[in-house]
Amino acid sequence: MNYSKFSRWISNQIKVSKRLKPVITIYLIFLMASSRTHTLTAAARFSGSSKSRFHYFLNNNADKAVYTLGELSKKQARQFFKINKGLSTGKLPWNIAILIDATFLNRSSLHTDNSKRFNHGKGFVVGHQWTNIVLLINDKVIPLPPIAFYTKKYCKQNGIEYQTENTQVAQYLSQLSLEDYIGAHDPEKVVVLADSGYDDQKIQKAIAAKHWKFIIALKSTRGVKTQKAYLNTKKTEDWNSVTVTFKNNRKIGWKTIRAPKNGGKNKWMEFRVRQITGYLKNFGKAQLICSQFKTKSKNGKRKHLACNDLKATPRQIIIGYRLRWAIEIFHKEIKMFLGFEDVSAKYFSSVISHVHWVYCAYILLNSSPPGFAFGVKSMAQKQLMVNKIIENKGLSAVNQLLTQAKGTQRLKTHIQKALNYSSSSKLLVLCGLPVLYL
């Protein structure tokens, strides 16, 4: 596949003004290509232009990035849903999953626009928090426009109403129209998966109001009641934590279930589970699941799950919740391969643009671009294919130059200019075209 066809295909996926298409196209190709870093300096070297070109582009066009990501998400979701086989190839009662999880874009200083210190479990980190909402269709991840967390200081400076992360998530889900992404569907076949950080009544009520199902990990202190206790006590009294509730109901025996592994040599793993039909405080009726690895050598910590689909079996709930791991893989790939954390812009509007273009590049790489080999799945292999396309562009330019009058001398002149431009870089600008220097 030649470079011009590849860049034209990318340009056709973007619905923006003709003035911006060239810089957007080259920036997306740069993000899709394998590079040590995806900084603005590297983008300038890759394109043979100035760093300021990309600086002004990112800072002044955040709305274009948000719009483009939304359009690409809708297009890919519609394509995947047409051949939808259900979650885990139809083994679960739901056809589509909405995954929620937050990730951090690390920065070096608190003086950066909208940066904050967050407790990340293993210590404090400085940077920006992004809450990602992704669709899982046919076991493929489709990122939707993420939620940016705004600090109180940033909100005050920009006249924005400060909201907690969970309040923003609840509003996002309430306003999310899945019809725009997948068309007509049965809302009962949609399940929302989230960890205990989103064990919040506002989020759970927002999901129930859409007639969706959810499987959410519960905080150990979340108030619950068994069905019997709920009917025999006042609605506002005698709520126990989920940990105490299962401790007080030891007569409910453990059951062993097998669930497929997310990876590794062994295809299956065993859990032991206990199930109670009860009530979540400030929400309503739900299935309560207590699970842990059956093998003692594994992490013996117990996890409590809540599911408002009363027809789902404990095994389906466990397998469904484990699908949430797909969003962790998504976070790993955008950071390792697409330069999610490489932006060093001062203004947060530039960060917004960069993050949304990274997600656009992720979608495009998973859209089977023309010329890509069939069956290529890993992000690393896809980036190598993009690199080959870029290399072929450089080789074509060299061949074209050699066929011209005094072609050999012209080629020497261009190579000397490229070497003078950056003798230490692994990216050379050859004949005015980006070529990987291997």
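Two strands count as paired if DSSP finds at least two bridges between them. Helices (H or I, at least four residues) and strands (E, at least two) are DSSP runs, numbered from the N terminus. By that rule, strand 10 (residues 255-260) pairs with strand 11 in the antiparallel sense, over six bridges. This is a predicted model: local features need pLDDT of at least 70, side-chain atom pairs count only at pLDDT 80 or more, and totals for chains, interfaces and linings use all residues. Residues are numbered from 1 along each chain as its sequence is written, and side-chain values use heavy atoms, with hydrogens and water left out.

**Strand 11 and its partners**

- Strand 11 covers residues 268-280 and pairs with strand 8 (residues 223-226) in the antiparallel sense, over three bridges.
- In that pairing, V224 has L280 as its bridge partner, and K225 has Y279.
- On the strand 10 side, T256 stands opposite R272 of strand 11.
- Strand 12 (residues 284-293) also runs antiparallel to strand 11, and 10 bridges join them.
- Y279 of strand 11 stands opposite K285 of strand 12.
- Strands 11 and 12 form a hairpin with three residues between them.
- N282 sits in the turn of this hairpin and has a positive phi of about 65°.

**Strand 8 and burial**

- Burial is graded by relative accessible area: buried is under 20%, exposed is over 50%, and partly exposed lies in between (1.4 Å probe, protein chains only).
- In a regular strand the side chains alternate between the two faces of the sheet.
- Strand 8 is covered on both faces: G223 and K225 are buried on one side, V224 and T226 on the other.
- Strand 8 also runs antiparallel to strand 9 (residues 240-241), joined by two bridges.
- G223 stands opposite S241 in strand 9.

**Other buried elements**

- Helix 12 (residues 314-322) is largely enclosed by the rest of the structure, because seven of its nine residues are buried.
- The buried residues of helix 12 are Q316, I317, I318, I319, G320, Y321 and R322.
- C307 belongs to strand 13 (residues 303-307).
- C307 is buried, at a relative accessible area of 1%.
- The C-alpha atoms of C307 and L288 are separated by 6.7 Å, with their positions 19 residues apart along the chain counted as the sequence separation.

**Loop residues**

- N114 has a positive phi of about 65° although it is not a glycine.
- N114 lies in the loop between strand 1 (96-106) and strand 2 (116-119), and is buried at 5% relative accessibility.
- D238 is another residue other than glycine with a positive phi, near 60°.
- D238 is found in the loop between helix 10 (227-232) and strand 9, and is exposed at 53% relative accessibility.
- T164 lies in the loop between helix 6 (152-158) and helix 7 (165-175), and is partly exposed, with a relative accessible area of 38%.
- T164 and Y150 are 14 residues apart along the chain, and their C-alpha atoms are separated by 8.8 Å.

**Salt bridges**

- A salt bridge is a side-chain nitrogen of Lys or Arg within 4 Å of a carboxyl oxygen of Asp or Glu.
- The whole structure holds seven salt bridges.
- K213 and E188 meet in one of them, at 2.9 Å from N to O.
- This pair links distant parts of the chain, 25 residues apart: K213 is in strand 7 (residues 213-217), E188 in the loop between helix 8 (179-182) and strand 6 (190-194).
- K213 is buried at 14%, whereas E188 is partly exposed at 34%.
- R222 forms a salt bridge with D199, the closest N and O atoms being 2.4 Å apart.
- R222 lies in the loop between strand 7 and strand 8, and D199 in the loop between strand 6 and helix 9 (201-209), so the pair ties together parts that are 23 residues apart in sequence.
- R222 is buried at 10% relative accessibility, and D199 is buried at 6%.
- D200 and K202 also form a salt bridge, at 3.3 Å from N to O.
- D200 is buried at 13%, while K202 is partly exposed at 40%.
- D101, D195, R324 and E328 are linked in a network of salt bridges.
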